[in-house]
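Visitor: Could you take me through one part of this model closely, beginning with a loop and its backbone geometry, and then place that part among its surroundings?

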Amino acid sequence: MRLGATNGFGPESRIPAGNVPNDVAVGEMDGDGFEDFVVSNVYPGEVVVHHGTGTGSFTAGLSHVVGRGARPLAVGRIDGDERDDVAVAQTPSAFVEGGGVEILLAGPGGTLGRGGRYATGTQPEAIAVADFDEDGRPDVATANLLSNDTSVLLNIGGGMLGPEARLAAGLQPIDIGSGNVDGDGHRDLIVVNRGSTNGQGPLGSVWTFRGRGNGTFDPALTSDPILRAEQLTVGDFTGDARDDIITSSFTDKQYLRLTSSPSGAPGTPSPIFFGRVAQCFATGDVD
Ligand SMILES: [Ca+2]
Ligand SMILES: [Ca+2]
Ligand SMILES: [Ca+2]
Ligand SMILES: [Ca+2]
């Protein structure tokens, strides 16, 4: 971890994680006003909370074991109180064949307690939390690598999710995000699929699903092919109030920007940076 300083970042400090850390998210887990963070560890399948002290240091991790294969996670106020909760995708799963999502509800002091477990498509590889039906309660969506679809699970209140709805999302969807790609105020879903990795099928592409504001989505608008797409991040990079997409082409070793059109369709992938291996990244206000 590096703390932001006046001119860049301070020195690195390392915080021990568990065995095979997979994902990390920042949230406010205990309601004390200081940001905390959570880490998922694939083995033994746990989510670990580190509480911020407000001075840039964090408490030793509080582990909550969820079972094998805790992988992508996201945070949000699932049960509507002042503490962020965790949605963590698991695969393979002890509770459902293929994959699923477990909700961990933050209690007083930021300890995690078990919420519900919900089936998703096979091997949920990425997870997003956003309010798709505009009822003020955050909902959950996953990108399911091996069932070639996305699962949308709407929050039904009381910290619980309803059953999944599936949307076909191309061959091997690998990352998912949410934003407003058409500027209409409704949350949209954005999925990147990597396509065939053995040359026997289609290339990858970015798919945008325009949200209707009620938890359902229009049929996907798809981008031009991308060689071995891997990750995406969503943000308004052009200042036109429509969210755009940056993804990476693992094979071409480059980042691509897709500028959203007024219809919400992903634009033509255009290179913005060449690196050695473009696989994993994020954007933010770094200055
Ligand atoms: Ca806190
Ligand atoms: Ca909560
Ligand atoms: Ca909702
Ligand atoms: Ca929209």
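Guide: Ala-241 sits in the loop that links strand 21 (229-235) to strand 22 (244-249), where strands are DSSP runs of E with at least two residues, numbered from the N terminus. The model is a predicted one, in which local features need pLDDT of at least 70 and side-chain atom pairs count only at pLDDT 80 or more, while totals for chains, interfaces and linings use all residues. Residues are numbered from 1 along each chain as its sequence is written, with chains lettered from A and ligands numbered from 1 in the order in which they are written.

Although Ala-241 is not a glycine, its phi is positive, at about 70°. Most residues other than glycine have a negative phi. Ala-241 is exposed, with 10 other C-beta atoms within 10 Å; on this scale, with C-beta atoms placed from the backbone, 12 or fewer such neighbours make a residue exposed, 20 or more make it buried, and anything in between is partly exposed.

A positive phi is also found at Asn-148, with a value near 60° in a residue other than glycine. Asn-148 belongs to the loop between strand 12 (139-144) and strand 13 (149-153), and with 17 C-beta neighbours inside 10 Å it counts as partly exposed.

The two strands flanking Asn-148 run antiparallel and are joined by five bridges, with Ala-141 standing opposite Val-152 of strand 13. They belong to an open, antiparallel sheet of four strands in the order 11-12-13-16, where pairing requires that DSSP find at least two bridges between two strands. Strand 11 (124-130) and strand 16 (165-168) each have a single partner strand, so each stands at an edge with one side left without a neighbour in the sheet. Neighbouring strands of this sheet are turned by 20° against each other on average, direction ignored, the axes being lines fitted to C-alpha atoms and the angles between N-to-C directions running from 0 to 180 degrees.

As for the interior, the largest nonpolar core has 60 residues, and Ala-87 and Ile-127 are among those with the most contacts inside it; such a core is a set of buried Ala, Val, Leu, Ile, Met, Phe, Trp, Tyr and Cys residues joined through C-beta atoms within 7 Å. Strand 9 (residues 100-106) gives the most to this core, with five residues. Leaving aside residues up to four places away in sequence, Ala-87 touches residues including Val-101, Ile-103, Ile-127 and Val-140, a contact being a pair of C-beta atoms, placed from the backbone, within 7 Å.

Note on methods
Two residues are in contact if their C-beta atoms, placed from the backbone, lie within 7 Å.
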